[in-house]
Amino acid sequence: MSALGDLYRAARKVFDADPAFADRARARVVTLQSGDPETMANWRDIVSESELSFLDIYQRLNVGLTPEHSAGESFYNPWLAEINAELAEKGIAVESDGALVVPSLTETGPDGTPAVLMLRKSDGGYGYDTTDLAAIRYRVRDLRADRILYVVDARQAMHFRLVFETARRAGWLPDTIEAVHVSYGAVLGPDGRPFRTRAGETARLLDLVTAAITKARATVAGKNPDLPPAELDRIAEQAGIAAVKYADLSTSRTRDYLFEVDRMTSSVGNTGVYLQYAHARIRSLLAKAGAAAGPIDPTLPLHPAERALAVALDGFGAVIAEVGDLLEPHRLCGYLYDLSKLLNSFYEHCPVSWAAEPLRGNRIALCQLAAATLRDGLDLLGIAAPERM
């Protein structure tokens, strides 16, 4: 993938500087979309290498995507001409300087004229506009989707407004089916600009994760100098990945955020590592208490710290439903952080191990529910919940 990346960047420079090369590149896209065997063979080699790289990242980050979940842009090639023909027949698409476009009825460009979707370029090639329309039709007609979420950065907002408008006009996206552009902000460096390497290139995700793991390893080793190296490596991997994921998900998704590895890997404050420590601490408390599920006495009076923790735990399901409705994972992050702070207050005011029965059994049950809630909440965020840190 590094070699392919270098090749792409080199070709991009030539593309921008050499009009003849740019024309050849555009012509090759048309050749690819028409199914030329030699071009297809080269393309398949690139796709295969890319998929191997993606799978490696998915496995490292505990993302449950496999090749069977993937339907890339080329999947829709057989339907592109059909999409164009149907839109033209319905009078939605019109010819413009040899290209086929859809002028918007609601959106305007910078010059005040209707914004357009480019369905077919003047050279006969198709772009994302056409494949995104084919994808909507396929997802509704064949997959029977009732809600379609597009997790793409905020710069593509206009594109999706135009795609959704055209699909609804064509009857491919009924009003009963929700299509949402789930936009998100950018990762910024210390200078407030999109995060880049020292060489000025856009930073790769794995580079950011590796930096966080390295820092997390130092943090964990400082707190646990006697950890065996293998266990230290495992915990550092989990903590570093948690740091990056949580920093991304705990910010309102439409906002940019700073990549600050020291803050992200801190074991105090609103970080993924802090939540992992909170889970490990409660699991340690339960282990020392010799915790086993027992009868609960609902007649016992509650300490205010117990009541606050119980009420918060009771709200977990409502938070999950809210996140699903609003598509805002930071609400779950905030809930888990607040829950961890309530646990600290609970520990301070409500002893567990040496409390008399039946109070001890009630508090153990409360701790078990808190541990399970933290574990499940972190799992929904794709973050491991270590038993020990």
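Me: Two strands pair if DSSP finds at least two bridges between them. In this predicted model, what makes β2 and β3 a pair?

Reply: Strand β2 (residues 99-108) is joined to β3 by five bridges. The cut-off is at least two bridges, so β2 and β3 pair. The two strands run antiparallel. One bridge partner is Val116 in β3, which is matched with Pro103.

Me: Why are β1 and β3 called edge strands?

Reply: The sheet is open and has three strands in the order β1-β2-β3, with antiparallel pairing. β1 (94-96) and β3 (114-120) each pair on one side only, and they are the edge strands. Neighbouring strands of this sheet are turned against each other by 50 degrees on average, direction ignored.

Me: What makes α6 roughly perpendicular to β2?

Reply: α6 lies across β2 and β3 and runs at about 100 degrees to β2. Angles of 65 to 115 degrees count as roughly perpendicular, so α6 and β2 fall in that class.

Me: How do you know that α10 is roughly antiparallel to α14?

Reply: The axes of helix α10 (residues 272-288) and helix α14 (residues 359-380) cross at roughly 150 degrees and come within 10 Å. An angle over 145 degrees counts as roughly antiparallel, and therefore α10 is roughly antiparallel to α14. The crossing of α10 past α14 is left-handed.

Me: Which residues make that contact, and how are they classed?

Reply: From α10 come Leu275, Ala278, His279, Ile282, Arg283, Leu285 and Leu286. From α14 come Ile364, Cys367, Gln368, Ala370, Ala371, Leu374, Arg375 and Leu378. By class, the contact of α10 with α14 has eleven nonpolar, two polar and two charged residues.

Me: Why is Asn362 called buried?

Reply: Asn362 is in helix α14. Its relative accessibility is 14%, and the cut-off for buried is under 20%, so Asn362 counts as buried. Not counting residues up to four places away in sequence, Asn362 touches Pro295, Ile296, Asp297 and Leu300.

Me: Why does Ile177 count as buried?

Reply: Ile177 is found in the loop between α6 (157-170) and β5 (178-181). Its relative accessibility is 10%, under the 20% limit, and therefore Ile177 counts as buried. Leaving aside residues up to four places away in sequence, Ile177 touches Val140, Ala145, Asp146, Arg147 and Arg168.

Me: How far apart are Ile177 and Thr373 in sequence and in space?

Reply: Ile177 and Thr373 are 196 residues apart in sequence. In space, the C-alpha to C-alpha distance between Ile177 and Thr373 is 32 Å.

Terms used:
Residues are numbered from 1 along each chain as its sequence is written. This is a predicted model: local features need pLDDT of at least 70, side-chain atom pairs count only at pLDDT 80 or more; totals for chains, interfaces and linings use all residues. Side-chain values use heavy atoms; hydrogens and water are left out. Axes are lines fitted to C-alpha atoms, for helices over the stretch in contact, and angles run from 0 to 180 degrees between N-to-C directions. Helices (H or I, at least four residues) and strands (E, at least two) are DSSP runs, numbered from the N terminus. Angles under 35 degrees count as roughly parallel, over 145 as roughly antiparallel, 65 to 115 as roughly perpendicular and the rest as oblique. A crossing is left-handed if the near helix is turned anticlockwise from the far one by less than a right angle, and right-handed if clockwise. Contact means heavy atoms within 4.5 Å. Ala, Val, Leu, Ile, Met, Phe, Trp, Tyr, Cys and Pro count as nonpolar, Asp, Glu, Lys and Arg as charged, and the others, Gly among them, as polar. Buried means under 20% relative accessible area, exposed over 50%, partly exposed in between (1.4 Å probe, protein chains only).
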